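Thanks for coming. I have one structure to go through today, and I will take it feature by feature. Please have a look at it first.

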Amino acid sequence: NLGSFTPKTTTDLLLGRRIDAGSGYYYSGILDEISLYSRALSSNEINAIYIAGSGGKCLTPMGPVITTQPTNQTVVVGRTATFSVSANGTAPLSYQWLFNTTNIVGATNASLALNNTQLTNAGTYAVVVSNLAGSARSSNATLTVLAPVTIITQPTNQTVYVGSTASFGVNASGALPFGYQWNFNQTNIANATNATLVLTNAQLNQAGNYAVLVTNVVNSILSSNAVLTVNPPPVLGVTQSGGFVLMFWPVSAPGFVLETSSSLSPANWSPVPNPPIQIGGEYLQSIQMTGTNQFYRLQHSGQ
C-alpha cells in the first residue's frame, strides 16, 4: 500500500539516482530489465513479473495450454450447473465461455456457474483461454437438463355397459423415459404399466376410481382419479300385437342398435333396416311376423 505520489518532472528521468541539493545519490544494487509503461499495470501483470523472479520478465511468452477440460454436467431444472477449466501459460490469462459457439456475456472467469437452469440452457459449453501469445479452445462439455414429470392430459371419466371396453389414458411431459403404474381404488393393477389402460369386457365389479402414477428420474406424480361407471345392458322387451312383434328398449341406453340374424350357427347379424321410433322413454321397433325364424339382439354401436 504505497498510496499515491506526484512524480517530479522538473528534471530528467533518473533511474537508480537521486539529485538532492546538488549531490548525487546512487542505488547500491543492480537494476535489471527497467521498463517504462504508459499505463498502470494490472495486478495480474505485476504478479507475473514477481513470479518470474530471476528468470526475467522478458522471456518469450508461452501461449495458453489447457490442462483440465470442462466436463459434462447433468442437472435438474432449477438447480445450478458449474463448468470449470484449468490452463497454463504466460499470465495474465483471460477467459471467454461459449454456449453452442456463441459468447456468453460476462462469462470471463475460469469457472462458469449457471443458476436456476432451465431446459433452454441445455447444450454444449466451451471456453477460449487467451493471453498475449495466443489462445486455446477447450473441448465441448454437454449440459443435460432434466425436467420433472408434469401431467398434461389427465385420464377422464368413462361410462360403459357390461361387456364393453373402457379405456383410460394419460399424457405427460418431462425427462424420458417415463414409468407408469395404474391403480384401481388405490390398489396397483398388475402389469398395467403403459400410458393407456384398456379394460375389455368390463364388468360391474370394475366400476370405481382409476389413476396412474407417472415416474421419471427426477420425480413421480399421481394423476387425478377417473371414474368408471359400468351399466348393465338394456333389456329388450318383446310383445305381440296382431301380426306384428313389438320390440322396445329404454331411450336411456343410447348407442344400441337392433340387429337380426336368420340363424345362430353361424350367426350373421345385421341391423334391422327400418329405424325405431321413440315413444316416451322407449324406442319401439315393429316387425311383421313371417313364416321364417328370426333372431334379434341389441348390440351397442361401439362394440
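Let me start with a term. A residue is called buried when its relative accessible area is under 20%, exposed when that area is over 50%, and partly exposed in between. By that rule Arg297, at 29% relative accessibility, is partly exposed. Please keep in mind that what you are looking at is a predicted model.

Arg297 brings me to the salt bridges. How many does a search of the whole structure find? The search finds two.

One of them pairs Arg297 with Glu259, and the closest N and O atoms are 2.9 Å apart. This pair links distant parts of the chain: Arg297 belongs to strand S29, residues 295-300, while Glu259 belongs to strand S25, residues 256-261, and the two are 38 residues apart. Is Glu259 buried or exposed? Glu259 has a relative accessible area of 12%, so it is buried.

Arg39 and Glu45 form a salt bridge as well, again with 2.9 Å between the closest N and O atoms. Arg39 has 46% relative accessibility and therefore counts as partly exposed. Glu45, at 18%, falls under the 20% cut-off, so it counts as buried.

Next, the loop between strand S2 and helix H1. Strand S2 covers 23-26 and helix H1 covers 43-52, and Ser42 sits in the loop between them. Ser42 is partly exposed, because its relative accessibility is 31%. How far is Ser42 from Tyr161? From C-alpha to C-alpha the distance is 84 Å, and in sequence the two are 119 residues apart.

Ile34 is in the loop between S2 and H1 too. Its relative accessibility is 47%, so Ile34 counts as partly exposed. Ile34 also helps to make a nonpolar surface patch, together with Leu13, Leu15, Tyr27, Leu31 and Leu36. The area of that patch is about 690 Å².

Leu13 comes up again in the second largest pocket. Lining that pocket are Lys8, Thr9, Thr11, Asp12, Leu13, Leu14, Arg17, Arg18 and Ile19. The space inside is about 320 Å³. What kinds of residue make up the lining? Four are charged, three are nonpolar and two are polar.

Now the backbone, beginning with cis peptide bonds. Ala91 and Pro92 are joined by one, with omega about 0°. Pro92 is in a loop, with strand S6 (86-88) on one side and strand S7 (94-99) on the other. The bond from Ser265 to Pro266 is also cis, and its omega is near 0°. Pro266 lies in the loop that runs between S25 and strand S26 (270-271). S25 is the strand that holds Glu259 from the salt bridge with Arg297.

Ser265 has a distance to report as well. Measuring nothing, just computing from the model: Gln69 and Ser265 are 78 Å apart, C-alpha to C-alpha, and 196 residues apart in sequence. Gln69 is in the loop between strand S3 (65-68) and strand S4 (73-76). At 34% relative accessibility, Gln69 is classed as partly exposed.

Then there are residues with a positive phi that are not glycines. Asn191 has a phi of about 65°. Where is Asn191? It is in the loop between strand S18 (187-188) and strand S19 (196-199). Asn191 counts as exposed because its relative accessibility is 74%, over the 50% cut-off.

Asn201 also has a positive phi, of about 50°. Asn201 lies in the loop from S19 to strand S20 (208-215). Its relative accessible area is 47%, so Asn201 is partly exposed.

One more asparagine, and then I am done. Asn216 is in the loop between S20 and strand S21 (220-222). Is Asn216 buried or exposed? Its relative accessible area is 9%, so Asn216 is buried. Along the chain Asn216 and Ser173 are 43 residues apart, and their C-alpha atoms are separated by 10.0 Å.

Notes. Residues numbered from 1 in each chain as written. Predicted model: local features only at pLDDT ≥ 70, side-chain atom pairs only at ≥ 80, totals over all residues. Heavy atoms only, no water. 1 Å grid on protein atoms, 1.4 Å probe; cavity = no way out; pocket = protein on both sides within 12 Å on 5 of 7 lines; lining within 4 Å. Points joined across faces, edges and corners; volume = space filled by probe spheres on them. Nonpolar A, V, L, I, M, F, W, Y, C, P; charged D, E, K, R; others polar. Helix = DSSP H or I, 4+ residues; strand = E, 2+ residues; numbered from the N terminus. Buried < 20%, exposed > 50% of the residue type's maximum accessible area, 1.4 Å probe, protein only. Patch = residues over 30% accessible without salt bridge, like charges linked within 9 Å, V, L, I, M, F, W, Y side chains within 5 Å. Areas by Shrake-Rupley, 256 points an atom, 1.4 Å probe, with all protein chains shown as cover. Salt bridge = Lys/Arg side-chain N within 4 Å of Asp/Glu carboxyl O.
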